[in-house]
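Please work through the exercises below with the sequence and the structure in view. Attempt each task before reading its solution.

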Amino acid sequence: MKAKGKFGLVVLFVFLVFVSVFAIPATASKKNTSNRYNVCFVLDSTDSLKHTDEDKLRYDATNMFLGLLANEGNYVGSVIFSGGVIKKSDVVPINGPKDKIQSEKALETSEQRGATAIGAALDQAIDLLINKGDKKLPSVVILLSDGQSNKSDKDEMDSRSNALTKAKNESIPVYTVALNADGEADLDVLQQIANATGGVYKEVKKADDLKDIFKEFYKMIYAAGAQNLIDSTIPSSGKLSVNFDVPYKGVEEVNIIISSDTKLKELILIKPSGTEMSENEVQEVTVNAKRFSITKLTSPEGGKWTLKGKGAPGSKIKIDMVYNDSITVSTEYKEKDIYGTNEKVTVKGFVLEDGKKLSSGYDDYKATLVPDTDKGNEISMEIKEDSFVGDISFDDEGTYSYHMVVEGNGLVKTTDKSDIVFNVGNRAPVLSNDAKNMEEHFWVFPFFTKTCEVDLSKAVSDPDGDKITFVADSSTFKESTYEINGNKLIVKDFYDLSKGVTTIKAIDSKGASVEFDTTVSLTNVGILALILIGVGIIVFLVIIGIVTYIALNKKFMGSITVRNIETGETQMQQRNRGKIKLSTFAIGNTGHSSKAYFQATGKDKIIFVTNKAVKADSNYGTSKKVTVMNHLETIIYSDAECSRGISVTFDSFIN
């Protein structure tokens, strides 16, 4: 074979290998491996808390959250607010009980008078997380308030706009609690903040319930396993014995939370091996607060434990167990732009410990693929070697969305919803370059601007030519202040936030979708115009005043002699500044208006001013202002026949 022919075969072979490699669908690997967070508490400290939380039980609640935290690896900061931010602590690492105590102290402060500056405090908290938190960890804010936010303060509203925009852009959820013991909490604002950022909102009527809310928040944020061990009363014998199981794998810590009317005594723990932790040993790993205690077991033995103690017969007792675990789950499958209706896709599921896939131990768990919509069926996954395996097939065209749930060892772990997405027989809409940084600014003019509209169609197109429907998936704006109408995002209330981010989902006719964010900022010209008009009026009045003052205070540079041309009466006057009324010359009736006067110019001339047009000499037309020059007699007639009037002579001092 010729060398040229051999070279051609080699090129063809390389080309085929290249095509075959890149024709293989990419493998999508999606997982959630974080069990540590940057946390920032934002606490209200307005004077009203003296009534809504007179026993300062909010600190019990924050101490509950801090007590449940793993002893190492989390970061915690805080912002305390009243009329403004009154105390702030950087987001710092928590590595043991001493760091937790420091964080607890940072949260405590005395109540102060002032408006409820939620926006300003939240804005600074978000900045703390962005600038001071561990970049490798997700972040979260926990906000507690019992007051009304100051909606009339533009700076406060702008701060809230900035905070929500940054939180949404940085994927920082805000969990909010309204302590509404007196019915004065701003429920709408706190609910809006949580909804806008993907957090959770709770309302409580009693400060004593705050610790339970903060415990629930902890379980939500960390996806922590939990179990109620007892919620009853101490038996008549006064002796208490409770059994509980600790998973064999993946549990870093077990937190035993005891809430009781009276303190338990002689508290001991018996390990699965039979070894007993004495009362002193238990107290060494226990933190006591006003209304509860937390006993933290680090690297606990897996198996059945027993808790024993003594208490007052008949007193209420509640014991909960919360795990801090290192277990997460993930999925993998071959990802393509479009799947066929006869196609079968294999999804692999994995259990991870400290972010590393387990190669064994799957027999302790059960895994299921759960559809997120009514399209598709729940699928039980089988164990094959080092993973779970489930096959998904498709009955018809459309979009199928699933997430995986793994249960076992007392734990329940899930991937995010829509973790697994298949577009069957149809390609999803495609984002344009406009969607990558879609921002619109509007000037809002009172009485003229009714709505502000953003054209969403320019952000997306459908490769199959399908009709696209737009829906708002989430927004920092309140639901009542915006709407989607066709391909328009319409903002219809200009007195909520000055800036907001809305996540838009573009869905084609077969259910395939894509998401993008659009940012809308508003400048309410009404407020700006009032300020500018007010400043303009003041400036105008000042200018008019200055001009008038100067005009009325120019010097008369000589003397004025006035003669009645009908009677011959004559008089001369001399003044320093301003004007001289004609009537002061007292030369009889000349026919001129009583309001007529001579105005100084500071030069070798004066001006005769009247409110009725007059004729100066017989050769000139009529005018309301007549200039009288130096040493030049000027006759000013008051009638058409030129029979009545005055003769004026100005003798200037100026040569």
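The exercises that follow concern a predicted model.

**Exercise 1. Helix α3**

Task: Determine whether the distance between the end C-alpha atoms of helix α3 (residues 57-68) agrees or disagrees with the span expected at 1.5 Å a residue.

Solution.
- Step 1. Helix α3 has twelve residues.
- Step 2. The expected span is 1.5 Å times one less than the number of residues, and for α3 this gives 16 Å.
- Step 3. In the model, the end C-alpha atoms of α3 lie 17 Å apart, so the two values agree.

Task: State how many residues of α3 are buried.

Solution.
- Step 1. A residue counts as buried when its relative accessible area is under 20%.
- Step 2. Twelve of the twelve residues in α3 are buried, and the helix is therefore described as mostly covered.
- Step 3. Among these buried residues are Leu57, Tyr59, Asn63 and Leu68.

**Exercise 2. Two helix partners of α3**

Two packed helices are described by the angle between their axes and the distance between the axes.

Task: Classify the packing of α3 with helix α8 (residues 210-222) as roughly parallel or roughly antiparallel.

Solution.
- Step 1. The axes of α3 and α8 come within 8 Å and cross at roughly 30°.
- Step 2. Angles under 35 degrees count as roughly parallel, and α3 and α8 are therefore roughly parallel to each other.
- Step 3. The crossing of these two helices, α3 and α8, is right-handed.
- Step 4. On the α3 side, the residues that meet α8 include Arg58, Ala61, Phe65 and Leu68. The α8 side includes Leu210, Phe214, Tyr218 and Ile221.

Task: Classify the packing of α3 with helix α4 (residues 97-107) as roughly parallel or roughly antiparallel.

Solution.
- Step 1. The angle between α3 and α4 is about 155°, and their axes are 10 Å apart.
- Step 2. Angles over 145 degrees count as roughly antiparallel, and α3 and α4 are therefore roughly antiparallel to each other.
- Step 3. The crossing of α3 with α4 is right-handed.
- Step 4. Tyr59, Thr62, Asn63, Leu66 and Gly67 in α3 meet Lys100, Ser103, Glu104 and Leu107 in α4.

**Exercise 3. Two residues of strand β35**

Task: Decide whether Ser521 is buried or exposed, and state which residues Ser521 touches beyond four places in sequence.

Solution.
- Step 1. Ser521 is found in strand β35 (residues 513-524).
- Step 2. Ser521 has a relative accessible area of 19% and is therefore buried, since the limit is under 20%.
- Step 3. Not counting residues up to four places away in sequence, Ser521 touches Glu440, His441, Phe442, Ser498 and Lys499.

Task: Decide whether Asn524 is buried or exposed.

Solution.
- Step 1. Asn524 also has its place in strand β35.
- Step 2. At a relative accessible area of 15%, Asn524 is buried.
- Step 3. Leaving aside neighbours within four places in sequence, Asn524 is in contact with Val444, Phe494 and Tyr495.

**Exercise 4. Positive phi values**

Most residues other than glycine have a negative phi.

Task: Describe where Glu266 and Ser418 lie, and give the sign of phi for each.

Solution.
- Step 1. Glu266 lies in strand β11 (residues 265-270). Its phi is positive, about 50°, although Glu266 is not a glycine.
- Step 2. Ser418 is found in the loop between β25 (411-414) and β26 (420-424). Phi of Ser418 is positive as well, near 60°.
- Step 3. Glu266, at 42% relative accessibility, counts as partly exposed, and Ser418, at 39%, also counts as partly exposed.

Definitions and conventions:
Residues numbered from 1 in each chain as written. Predicted model: local features only at pLDDT ≥ 70, side-chain atom pairs only at ≥ 80, totals over all residues. Heavy atoms only, no water. Helix = DSSP H or I, 4+ residues; strand = E, 2+ residues; numbered from the N terminus. Buried < 20%, exposed > 50% of the residue type's maximum accessible area, 1.4 Å probe, protein only. Contact = heavy atoms within 4.5 Å. Axes fitted to C-alpha atoms, helices over the stretch in contact; angles between N-to-C directions. Parallel < 35°, antiparallel > 145°, perpendicular 65-115°, else oblique. Left-handed = near helix turned anticlockwise from the far one by under 90°.
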